[in-house]
Amino acid sequence: MAVPVIQISNLRTQFDDFVVHQDLNLEIRAGEIVSLVGGSGSGKTTLLRQMLGLEKPARGTVRIFGEDINDCDTARRQQLRNRWGMLFQHGALFSALTAFDNVAQPMRELRALPEDLIRDAALLKLNMVGITPNDALKMPADLSGGMIKRVALARALALEPELLFLDEPTAGLDPDRSESFVSLISGLHRQMRLTVVMVTHDLDTLFALSTQIAVLADKRVIAMGPPEEVIALPHPFIHHFFLGERGQRALEVLREKE
Ligand SMILES: Nc1ncnc2c1ncn2[C@@H]1O[C@H](COP(=O)(O)OP(=O)(O)OP(=O)(O)O)[C@@H](O)[C@H]1O
């Protein structure tokens, strides 16, 4: 069987005496769209940061593409980083650069590509997310919230990643923009054969996109599987999160998809 894209084993995270994760295990296979859900403070963002190699766990291993992210040198880690893209919830773009330069920047940092190739590739990525060459010349301050998210997504895709991390991708977007952003991610997932890991509180986004849901509770991943299986599990957090009033509405979307 192929090596999992992400494999987290026996992870422990601790801040002073406060234990956030204990004996946490998680395996993500290529091509999945995995949503990480959990209550506030359950450690979703911290786990995402550990996958990105931005934080080191107290114990356990985090393997990305089969390599221990905390046990490789800086050059190797950078090579791994070039294989994933990250869409941060806030502050996704450099405010002093145009949309175009924001997307070109990760390619320029590689110092290996000629400028004309970078130009074509950046315009192509912007086109994929529906940003015109004219809008590409604008500064982030002159773009709408939805357009900023699209440019940030184009930037995350700049190096043709195999893996894409999304932190609350639709937060701050109105329902229409949120829906079109979801279709965009879904289309790109198919087109680029991406593996996607996302943290979201938005049940509409979650049900529209996820092939798997991983539930973080009791300091561990207590369940992982297809949405319809996970929501049927008898755990108080799952019941509360998915089967409340807002969950019912989102579930209708899931049933319409079937
Ligand atoms: N650098 C840090 N120092 C001390 N405590 C931290 C640090 N980072 C996170 N924590 C604590 O760890 C716990 C998990 O935080 P984290 O932000 O990962 O949760 P989360 O599940 O993403 O929450 P939310 O859904 O509210 O964003 C919280 O109690 C938080 O206060």
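## Helix H7

In this predicted model, the buried residues of helix H7 are Phe181, Val182 and Ile185. Viewed along the axis of H7, these buried residues lie within an arc of 105°, so they line one face of the helix. Their packing partners are helix H6 (145-156) and helix H8 (203-209). The other side of H7 carries exposed residues, namely Asp176, Ser183, Gly187, Arg190 and Gln191.

H7 comprises 18 residues, from 175 to 192. The distance from its first C-alpha to its last is 25 Å, close to the 26 Å expected at 1.5 Å a residue. Just after the helix, Arg193 adopts a positive phi of about 50°.

## The antiparallel sheet

Four strands make up an open sheet, and their order is E2-E1-E4-E5 with antiparallel pairing. Strand E2 and strand E5 (67-68) occupy the edges, where each has a single partner strand, so one side of each is left without a neighbour in the sheet.

Within this order, strand E1 (residues 6-15) pairs with strand E2 (residues 18-28) in the antiparallel sense over seven bridges. E1 also pairs with strand E4 (residues 59-64), again in the antiparallel sense, over five bridges. In the pairing with E4, the bridge partner of Ile8 is Val62. In a regular strand, side chains alternate between the two faces of the sheet.

## The E1-E2 hairpin

E1 and E2 form a hairpin with two residues between the strands. One residue of this hairpin, Asp16, takes a positive phi near 50°. Phe15 stands opposite Phe18 in E2.

## Surroundings of the ligand

Phe15 of the hairpin region is also one of the residues around the ligand. The others listed there are Val20, Gly38, Ser40, Gly41, Ser42, Gly43, Lys44, Thr45 and Thr46. By residue class, the shell divides into two nonpolar, seven polar and one charged.

Helix H1 (residues 44-51) supplies the largest share of this shell, with three residues. Among the residues around the ligand, Lys44, Thr45 and Thr46 fall within the range of H1.

Conventions:
Residues are numbered from 1 along each chain as its sequence is written. This is a predicted model: local features need pLDDT of at least 70, side-chain atom pairs count only at pLDDT 80 or more; totals for chains, interfaces and linings use all residues. A residue is near a molecule or strand if its C-beta atom, placed from the backbone, lies within 6 Å of it. Ala, Val, Leu, Ile, Met, Phe, Trp, Tyr, Cys and Pro count as nonpolar, Asp, Glu, Lys and Arg as charged, and the others, Gly among them, as polar. The expected span of a helix is 1.5 Å times one less than its number of residues. A residue is buried if 20 or more other C-beta atoms lie within 10 Å of its own, exposed if 12 or fewer, and partly exposed in between; C-beta atoms are placed from the backbone. The arc is that of the directions from the helix axis to the C-beta atoms. Two residues are in contact if their C-beta atoms, placed from the backbone, lie within 7 Å. Two strands pair if DSSP finds at least two bridges between them.
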